[in-house]
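Q: Please take a close look at a single residue in this protein, and set it against the rest of the chain. Start with the whole and then narrow down.

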Amino acid sequence: MPTTPATATHSSSNGTAEAIMLELVDENGTTIGTAEKLAAHQAPGQLHRAFSVFLFDEQGRLLLQRRALGKYHSPGVWSNTCCGHPYPGEAPFAAAARRTHEELGLSPSLLAEAGTVRYNHPDPVSGLVEQEFNHLFVGMAQTTAEPDPEEVGETAFVTAAELAERHARAPFSAWFMTVLDAARPAIRELTGPSAGW
């Protein structure tokens, strides 16, 4: 797996990249061990802790990102604002704020927990499997994103209607609709009924 600016903090003192470890969990989200990131995603997949962030602007538009083409998992597809995995022992909220800053160069405001969702989504292109216990977060993007090109190909703010149109014609991550649907109650609370989420 390539070392990116976001993973460089997990490099050893001799300059070689250390394996990125994920937290394995049971069906209740209780930690039961760790596994190397790529190994946890190889079929049939190991259930591990993850997070997904949905940030909105003042008009109630969702900030999407298109994953960089160099990413080993789901490259070049559109997805929610930010998603990833806490390091073992790292709180999901802290991981969500950290990765949003690392990937997009912005610190979310009003970031709030929006529940959890458990899913099993194979990626037909890579053959990798998203077997995740996902912590959901919603918040506001009140500064301009400055994406890390190693992580993010492009970004776009979309209304609910624009998202439906884009989703019909462009590839999205395998997990996107599952996490969006699970986060909708918190999204509606944040954006208000007029935003249409």
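A: The predictor's confidence in each residue is called pLDDT and runs from 0 to 100. This is a predicted model, in which local features need pLDDT of at least 70, side-chain atom pairs count only at pLDDT 80 or more, and totals for chains, interfaces and linings use all residues. Residues are numbered from 1 along each chain as its sequence is written, and side-chain values use heavy atoms, with hydrogens and water left out.

The average pLDDT of the protein is 91, and 91% of the residues reach at least 70. Over residues 1-14, pLDDT stays under 50. For that stretch the model has 26 contacts (heavy atoms within 4.5 Å) beyond four places in sequence.

The protein has 4 helices and 9 strands; these are DSSP runs, helices being H or I of at least four residues and strands E of at least two, numbered from the N terminus. Read from the N terminus, their order is β-β-α-β-β-β-β-α-β-β-β-α-α. The radius of gyration is 16 Å, close to the 16 Å from the globule rule for 197 residues, so the protein is as compact as a globular protein of that length. That radius is taken over C-alpha atoms, and the rule is 2.2 Å times the number of residues to the power 0.38. The C-alpha trace spans about 50 × 35 × 30 Å along its principal axes.

Of the 197 residues, 52% are buried (buried is under 20% relative accessible area, exposed is over 50%, and partly exposed lies in between, with a 1.4 Å probe and protein chains only). Among contacts with a separation of 6 or more, 66% join residues 24 or more positions apart.

The residue for the close look is Thr155, which sits in strand β9, residues 152-158. Is Thr155 buried, exposed or partly exposed? With a relative accessibility of 29%, Thr155 counts as partly exposed. Which residues does Thr155 touch, leaving out those up to four places away in sequence? They are Leu63, Leu64, Gln65, Trp78, Leu104 and Pro147. Two of the elements that hold such partners can be placed: β4 covers residues 62-67 and β5 covers 78-79. Helix α2 spans 92-104. His41, by contrast, is 114 residues from Thr155 in sequence and 25 Å from Thr155 in space, C-alpha to C-alpha.

Gly105 lies in the loop between α2 and β7. Gly105 is also partly exposed, at a relative accessible area of 31%. Apart from neighbours within four places in sequence, Gly105 is in contact with Thr100 and Glu146. The C-alpha atoms of Gly105 and Ala164 are 27 Å apart, with their positions 59 residues apart along the chain.

Some backbone details elsewhere deserve a check in the viewer. Ser74, in the loop between β4 and β5, has a positive phi of about 55° although it is not a glycine. Ser74 is buried, at 5% relative accessible area. Leu110 is another residue other than glycine with a positive phi, near 55°. Leu110 belongs to strand β7, residues 109-122, and is exposed at 60% relative accessibility. A cis peptide bond, with omega about 5°, joins Ala43 and Pro44. Pro44 is in the loop between α1 (37-41) and β3 (48-56).

Towards the C terminus, Pro193 falls in the segment after α4 (176-191). Pro193 is exposed, with a relative accessible area of 84%. Although Pro193 and Gly60 are 133 residues apart in sequence, their C-alpha atoms are 9.8 Å apart in space.
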